[in-house]
Every structure is written in structure tokens, then in C-alpha cells.
Amino acid sequence: MFDLILRNANLPDGRQGLDIGLSDGKITAIERHLEASAKEEIDATGRLASPPFCDPHFHMDATLSLGLPRMNVSGTLLEGIALWGELRPLLTKEALVERALRYCDLAVSQGLLFIRSHVDTSDPRLVTAEALIEVRERVAPYINLQLVAFPQDGYYRAADGEKSLQRALDMGLDIVGGIPHFERTMEDGRRSLEALCRIAAERGLPVDIHCDESDDPMSRHIETLAAETVRHGLQGRVAGSHLTSMHSMDNYYVSKLIPLMAEAEINVIPNPLINIMLQGRHDTYPKRRGMTRVRELMDAGLNVSFGQDCTMDPWYSMGSADMLEVGHMAIHVAQMGGIEDKKKIFEALTVNSAKTMGLEGYGLEVGCNADLIVLQAADVVEALRLKPTRLWVVKGGKVISRSAPRIGELFLEGRPTKIDPGLDYLPAR
């Protein structure tokens, strides 16, 4: 007797018409025509089953704060940072918790069950850390929430920035963060990376750096991050987020840089929605769009995953906790429209992000955790095209969210009466 059997599901690797049996919080069977019964059965009707989505780069302390205390009129990164500086003294633990929990509710409905959030430690009150630690505990039964100690105003630039980051880590934040390009000088940025990687090595923690989020091709902190990663033996445990300056670097330098990053096993986290919205603001035309060199990094064997970064906050007025929206945009900006390209993009929202986050038991194989989602699409290519409804979301073998399929009704003489965008328009493969 299984706890749950999902019947007639397609898998991301292309296998079709499989039954998935879940027992005791694990995937215990994947086969055709599973001859068994279960406490609950779901008929996937030839739709895609996938591991849940992961977001390895988000700012949950700022989410859903759009319009507080005012709007970002210029739409720039720097005004967003300044606006957050105005809002930060007004933050209360209660309001932070309430907004974060509302966002987590939305995330569950979108099949997003693993989130890494940066937590601003620049305010010595550390009310952001207190609030997000509480949220992490409250959502633990259904969302794995990792917290990064992030000195938004700069590790050295912020008053008491060094002490506040250390205190936040002592409180129980999981990961060491930084923002070297926002320090007062390039040298201070370099020094901050040396200090932050040393702290991570001493504490046995991962590192996740907002790195070179700039249009300046001379913003090259990623090479320092790669060097410090190797120096401290942190290979595979360090993420470089954004890396938008690589969009503007000359090709010769990048031909040197990417092998250094590969040697250090840097995890790369572009944020397509935010990167193309905020970068190139000083350009007329041609106007740069700022997303890092996704195809080249993937081709070099680096682990590339995509983050959502923001939803309705001082930096970004849009967002919906939908990682397929992130992948959809990545396809366009990275010009990765081929079928194999799209499969890689889907992996960047799932298995690659799980690797970045160091998740154990993640995946859709026997022995993995009984966490999965069913989408109103037949395969990963169609999922990225349609951004379809998440029909079922399963955590630990139990359904925690369910949505009705999107079906259109037509009243046209001689034409179909119902339209299912997930199955009625499948292209030939």
C-alpha cells in the first residue's frame, strides 16, 4: 500500500506514461502500470511531473513592500537601494513576517518549495534576521528556506557592517553574503571578499555573493571570488549571483575568466527578470540588457541556476513566484530557443538550483524525497512556453496545493467547445 500513486505521468528526462509510487516520504517506485493500491491516487493524464522548483536567489525581507514608503520613480538599481534605505528604519518584525508568509503561500501554489533568501544585515537592529528566522521555522514543513547574511550597504561601507554580519550568523543564518561592487572602492570590494570567504571557511558555511551587478566591464570581483574560493578550499560551496558585468567584458578577458571560475567550481546565479530591467540604464542605443553569458558558462561546465530575485519590492514592481516566468525570460535574453537549450533552462530552475543550494534527496528518482509537482503541460519545453498551471503540488508524499486546469470554453459554430493549451497544441517533435 502506497501513500500516493501518481498515474500516467511524463518525466523531465522524456520518459512518458509512468506511475510514481510514494511511501513514507520517499519515492519508492517509478514504473509503467504500477500494480498496487494507495491511500490516494492522482491521474496525471499524460502531463509533466517534475521535482519542485527552486529559487536560489531572492530577497524575502523586501518582498511585497512595493510602494513603501514610495515608488522607485527612475526604476534603477541605485534608487532601489536608496529607497530600501528609507524603508529599513520603518520595518517591524510583525510586518516582515506577515509579508514573507504571504509570499510563501503564493510560492507553494506555484510549486516553488526551495528558496534561498538574502537577509539585509546593514541595520544593526537585525529585525530582518529575527523575522526571517521565525519564517524559516514556520514554513519548514513545506518550504526549505535558506537565509544569507547579506550586508546590503557593504561589508565595510555600512556602519558596523562587519559586526552586524557576524551577529546575524551567530543568530543562525545559513550562508555568508556580500556585495563587493557596492563598497566605496574596488580595493575595499576585494578586501571584503577576502574577509567573507575567510569567515565562511572558519564557520564551515557556504558563500553567496552579489557579484559585479554592474554595466562596468572593469568590475571584476568574480576573479577575486574565484581565487579566494580556491585559497580557502570552498570549491562547489560558493555562488556568484548576477555577474552582469560579464555582459560588457571583452571576449579575451572572459576567455581567461571562465576557466578560473570553472576551476573554483563557482555556482552561477543569473536573475533574468531583474538583470534586464535594471541594467543598461545609462545607455541610449544600442542598449545593453545585462544578463551574464549563460550559454558560454553552461558550455564550460559551470553549474548555472536562475533566481527570481524580487517580487513587488523597491527594485522590481512585478513578479509572481513563478520560476517558469524566470526561465521563459531567460530563453529570450540568452537566445536559447532550441529544444536542447530549453531542457537546459528547465534544469537551471530545478536540478541545477538544487545543486547550488546543496539540497539532499532532491529529484525524481527512486529513493528521492516524495516532493513533486504536476504541470498542465506535456513536457519541459511546453512548460517553459506556456508557464502552465501547477495542478498538484506534493510535499513529503502529501498534496499541499491543487489548482484547476486552465480550460477555455468556446462558443463557435463548427469549432471545438473546449481548449486545453497544455495538450491541444503539442508540436511535432
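# Exercises on charged and nonpolar side chains

The side chains of R7 and D19 are joined by a polar contact of 2.9 Å; a polar contact is a pair of N or O atoms within 3.5 Å, where within protein one must be able to donate a hydrogen and the other to accept it, and residues adjacent in sequence count only if both atoms are side-chain atoms. The model is predicted: local features need pLDDT of at least 70, side-chain atom pairs count only at pLDDT 80 or more, and totals for chains, interfaces and linings use all residues. Residues are numbered from 1 along each chain as its sequence is written, and side-chain values use heavy atoms, with hydrogens and water left out.

**Exercise 1.** Describe the surroundings of R7.

*Solution.*
- Step 1: R7 is placed in strand β1 (residues 2-10). Strands (E, at least two residues) and helices (H or I, at least four) are DSSP runs, numbered from the N terminus.
- Step 2: R7 counts as buried because its relative accessibility is 17%. Buried means under 20% relative accessible area, exposed over 50%, and partly exposed in between (1.4 Å probe, protein chains only).
- Step 3: Not counting residues up to four places away in sequence, R7 touches residues including L18, H33, I42 and T45. Contact means heavy atoms within 4.5 Å.

**Exercise 2.** Give the salt-bridge count, then classify the partners in three pairs by burial.

*Solution.*
- Step 1: A salt bridge is a side-chain nitrogen of Lys or Arg within 4 Å of a carboxyl oxygen of Asp or Glu. By this rule there are 28 salt bridges.
- Step 2: E79 and R70 form a salt bridge at 2.9 Å, N to O. E79 is buried at 15% relative accessibility, whereas R70 is partly exposed at 32%.
- Step 3: In the salt bridge of D123 with R125, the closest N and O atoms are 2.9 Å apart. D123 is buried, with a relative accessible area of 14%, and R125 is partly exposed at 41%.
- Step 4: D322 and R390 also form a salt bridge, with 2.9 Å between the closest N and O atoms. D322 lies in the loop between β12 (303-304) and α10 (323-333) and R390 in strand β14 (residues 390-395), so this pair ties together parts that are 68 residues apart in sequence. D322 is buried at 7%, and R390 is buried at 2%.
- Step 5: R7, D19 and E41 are joined into one network by salt bridges that share partners.

**Exercise 3.** Which side chain and which backbone nitrogen does the side chain of D120 reach?

*Solution.*
- Step 1: D120 lies in strand β6 (residues 112-120) and is buried at 2% relative accessibility.
- Step 2: The side chain of D120 makes a polar contact of 2.5 Å with the side chain of R88.
- Step 3: The backbone nitrogen of Q152 is reached by the side chain of D120 at 3.4 Å.
- Step 4: Leaving aside neighbours within four places in sequence, the contacts of D120 include D61, W84, T128 and F150.

**Exercise 4.** Is K355 buried or exposed?

*Solution.*
- Step 1: K355 is in helix α12 (residues 351-356).
- Step 2: K355 counts as exposed because its relative accessibility is 58%.
- Step 3: K355 and V304 are 51 residues apart in sequence, and their C-alpha atoms are 9.5 Å apart in space.
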